[in-house]
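Visitor: I would like to learn how to read the packing of a model like this one, feature by feature. Could you take me through it, giving the general idea and then the case at hand?

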Amino acid sequence: NQRGDAMTMGISTPQPVIVLVKNMFQRGWKLTINGRPHKLFPVNCLFLGFELPAGAHDIALAYQPPGFKAGLMLTALSWLMLLLLIIRQRHSKKAPE
């Protein structure tokens with residue numbers, strides 16, 4: 001099941017395996033197996049890979065570009081500063097002379 005930069009799948013295997021996902025390996029991919037973070041590694045210097053133990057598993061992969069959270073915080077800080085400047089400007093206009 002894939003939506004945007006995220007995908008989920010169920011995998012059942014009788015023995016431990018290495019799973020290859022044909023998405024380009026980049027920093028920013030996060031993997032969870034049964035809700036717990038798990039390590040990803042590059043396969044053939046290009047694709048995503050991970051080790052999967054025997055059994056039935058719920059897999060979730062999600063991509064968030066590096067620096068996304070920092071950019072989001074800077075944007076929020078910029079909006080807050082702009083709001084404070086507007087409030088200050090309006091307040092200074094209303095003050096009696």
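Guide: Let us begin with a single residue and its contacts, keeping in mind that this is a predicted model. Once its neighbours within four places in sequence are set aside, Leu 52 is in contact with Ile 11, Thr 13, Gln 15, Pro 16, Val 17, Val 19, Ile 33, His 57 and Ile 59.

Visitor: Which residues make up the largest nonpolar core?

Guide: The general idea is that, in soluble globular proteins, nonpolar side chains tend to be buried together. Here the largest nonpolar core has 12 residues, namely Met 7, Val 19, Val 21, Trp 29, Leu 31, Ile 33, Leu 40, Leu 48, Phe 50, Leu 52, Ile 59 and Leu 61. Two or more residues of this core come from each of strand S3 (17-24), strand S4 (29-33), strand S7 (47-52) and strand S8 (55-63).

Visitor: Thr 13 was among the contacts of Leu 52; is Thr 13 buried or exposed?

Guide: The cut-off for buried is under 20% relative accessible area, and Thr 13, at 11% relative accessibility, therefore counts as buried. Thr 13 has its place in strand S2 (residues 6-13), and its side chain reaches the backbone oxygen of Gln 15 at 2.7 Å. Neighbours within four places in sequence aside, Thr 13 is in contact with Leu 52, Pro 53, Ala 54 and Gly 55.

Visitor: How many aromatic pairs does the structure hold, and how should I read their geometry?

Guide: One reads the distance between ring centres together with the angle between the planes, and the structure holds one aromatic pair. The rings of Trp 29 and Tyr 63 have their centres 5.3 Å apart and their planes at 50°, so the pair is tilted. Because Trp 29 lies in strand S4 and Tyr 63 in strand S8, the pair ties together parts that are 34 residues apart in sequence. As for accessibility, Trp 29 is buried, with a relative accessible area of 14%, whereas Tyr 63 is partly exposed, with a relative accessible area of 21%.

Visitor: What should I note about the backbone at Asn 34 and at Asn 44?

Guide: The sign of phi is the thing to read: Asn 34 has a positive phi of about 55° although it is not a glycine, and for Asn 44, again not a glycine, phi is positive at about 55°. Asn 34 lies in the loop between S4 and strand S5 (36-38) and is partly exposed, with a relative accessible area of 41%. Asn 44 has its place in the loop between strand S6 (41-43) and S7, and is exposed, with a relative accessible area of 67%.

Technical notes:
Residues are numbered from 1 along each chain as its sequence is written. This is a predicted model: local features need pLDDT of at least 70, side-chain atom pairs count only at pLDDT 80 or more; totals for chains, interfaces and linings use all residues. Side-chain values use heavy atoms; hydrogens and water are left out. A nonpolar core is a set of buried Ala, Val, Leu, Ile, Met, Phe, Trp, Tyr and Cys residues joined through side-chain atoms within 4.5 Å. Buried means under 20% relative accessible area, exposed over 50%, partly exposed in between (1.4 Å probe, protein chains only). Helices (H or I, at least four residues) and strands (E, at least two) are DSSP runs, numbered from the N terminus. Contact means heavy atoms within 4.5 Å. A polar contact is a pair of N or O atoms within 3.5 Å; within protein, one must be able to donate a hydrogen and the other to accept it, and residues adjacent in sequence count only if both atoms are side-chain atoms. Rings of Phe, Tyr and Trp (its six-membered ring) pair if their centres lie within 6.5 Å; planes under 30 degrees apart count as stacked, over 60 as edge-to-face and the rest as tilted.
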